[in-house]
Amino acid sequence: MAAPETQGAAAQGGEDRTGSHGGVGGVGFEGSKDCILESLSLPEGPGGTTASEGSPSVPCIFCEEHFPMADQDKLLKHMIIEHKIVIADVKLVANFQRYILYWRKRFTEQPITDFCSVIRINSTGPLEEQDNYFLLCDVLPEDRLLREELQKQRLKEILEQQQQERNDTSFYGVCMFCNVEFSGNRSVLLNHMAREHAFNIGLPDNIVNCSEFLCTLQKKLDNLQCLYCEKTFRDRNTLRDHMRKKQHRRINPKNREYDRFYVINYLELGKSWEEVQLEDDRELLDHQEDDWSDWEEHPVSAVCLFCEKQAETIETLYVHMEDAHEFNLLKIKSELGLNFYQQVKLVNFIRREVHQCRCYGCQVKFKSKADLRTHMEETKHISLLPERQTWDQLQ
């Protein structure tokens, strides 16, 4: 097979990856240059297909063939054989169904060559043996933005699920090693297994979908399979002795099945916990020979939301904001029942509005922060928070 020839929009856009990004929903192609016409938005419906988000099946991008969500590879094989389209780095797509539905709609709006590189195989062979395949990848700015947006949405859902599990007091579980029952918060069971049985799957706050995780592990033990080496044994006693003597009371870190239960695997697009940890270790190695003899430690300061006042402790800053600006953040947190992430969103919202010299109580904009501060203190708008949905949906 001769070396493939690559052409098309994605190939031409390779050097523009950090430049302008084509807007989703409206991409202009004038002189092979992408331009943003509107912000990225995901389709509510696939447009012309009976499949919808949340459906147990996924349609082909070009035809009416549908495949179960679990048979993703069959769909990819179908699109390669029947429609000659290849999707690069599918494993990096956070939501495969929404990704397919999005491009299914876009391909009805513009020709496929506006989005895909054209790869010609057997380009030096006889004409009848030549063929064109289409490559859809994140070299195209629109595809890159779509993948990043899907990643952000998945991370938001994971963090919300993690927060819900942190606060859940209705959890019920049974220890996999001594059959003791536990109820309340998931951390009670996890801490028991770590303390009493030396079985540590990580800090409770680093785990998501804990009940499913524990069921997955229990199923392996029920099938008489070691959780670490994953060998199968003839009976439970032999398995128990093996895990104890070999110190195999831990999970296999190379088993990718467990990745979805750890929050760290959702933080960066296309990076597993091993890659994130490797980057941290490399940074430490790069700086381990640095001379720190002249290091002078400066105290960490917290800055007031409304003025330039700084304090070494957050408690001091709370007192300052209440005395100087009549803004009681602790009271607001208590009255609204804010969790950690919601507090961060509220603080970020207030800082943004103040930075833009805009009163968040009446939306009036001022020429300076001093004018804004005078207005908010005189009108008492400093304690007049907007509707919760205004700031609670911020990223």
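Start by selecting Glu 326, in the loop between helix H9 (314-325) and helix H10 (329-336). You're looking at a predicted model, by the way. Show the backbone here and check the phi angle of Glu 326: the value is near 55°, which is positive, and this residue isn't a glycine. Why bother with the sign? Most residues other than glycine have a negative phi. Now turn on the surface. Glu 326 counts as partly exposed because its relative accessibility is 49%, and the exposed class needs over 50%.

Next, jump back along the chain to Ala 198. You'll find Ala 198 in another loop, the one between helix H5 (186-197) and helix H6 (210-222). Ala 198 has a positive phi too, near 55°, and again the residue is something other than glycine. Is Ala 198 buried or exposed? Its relative accessibility is 57%, so Ala 198 counts as exposed.

Time for some strands. Select residues 171-174, which make up strand E9, then add residues 181-184, strand E10. The two pair in the antiparallel sense, with 4 bridges. To see one partnership up close, pick Val 174 in E9 and look across to Glu 181 in E10, its bridge partner. Together E9 and E10 form a hairpin, with 6 residues between the strands. Click on Asn 179 in the turn, and you've got another positive phi, about 65°.

Stay with E9 and colour its two faces. Which residues sit on the covered face? Those are Phe 171 and Gly 173, while Tyr 172 and Val 174 are on the uncovered face.

Last stop: helix H11, residues 340-355. H11 has 16 residues and reaches 23 Å from its first C-alpha to its last, close to the expected 22 Å. Select its buried residues: Gln 342, Lys 345, Leu 346, Phe 349, Ile 350, Glu 353 and Val 354. They cover an arc of only 160° around the axis, so they are on the same side of H11. Spin the helix to its other side, and there you'll see Phe 340 and His 355, which are exposed.

Finish by checking what sits around the ends of H11. The N-terminal end is capped by Asn 339: one of its side-chain oxygens lies 3.1 Å from the backbone nitrogen of Tyr 341. Then go past the helix to Cys 357, which follows H11 and has a positive phi, near 55°.

Technical notes. Residues are numbered from 1 along each chain as its sequence is written. This is a predicted model: local features need pLDDT of at least 70, side-chain atom pairs count only at pLDDT 80 or more; totals for chains, interfaces and linings use all residues. Side-chain values use heavy atoms; hydrogens and water are left out. The expected span of a helix is 1.5 Å times one less than its number of residues. Buried means under 20% relative accessible area, exposed over 50%, partly exposed in between (1.4 Å probe, protein chains only). The arc is that of the directions from the helix axis to the C-beta atoms. A polar contact is a pair of N or O atoms within 3.5 Å; within protein, one must be able to donate a hydrogen and the other to accept it, and residues adjacent in sequence count only if both atoms are side-chain atoms. Two strands pair if DSSP finds at least two bridges between them.
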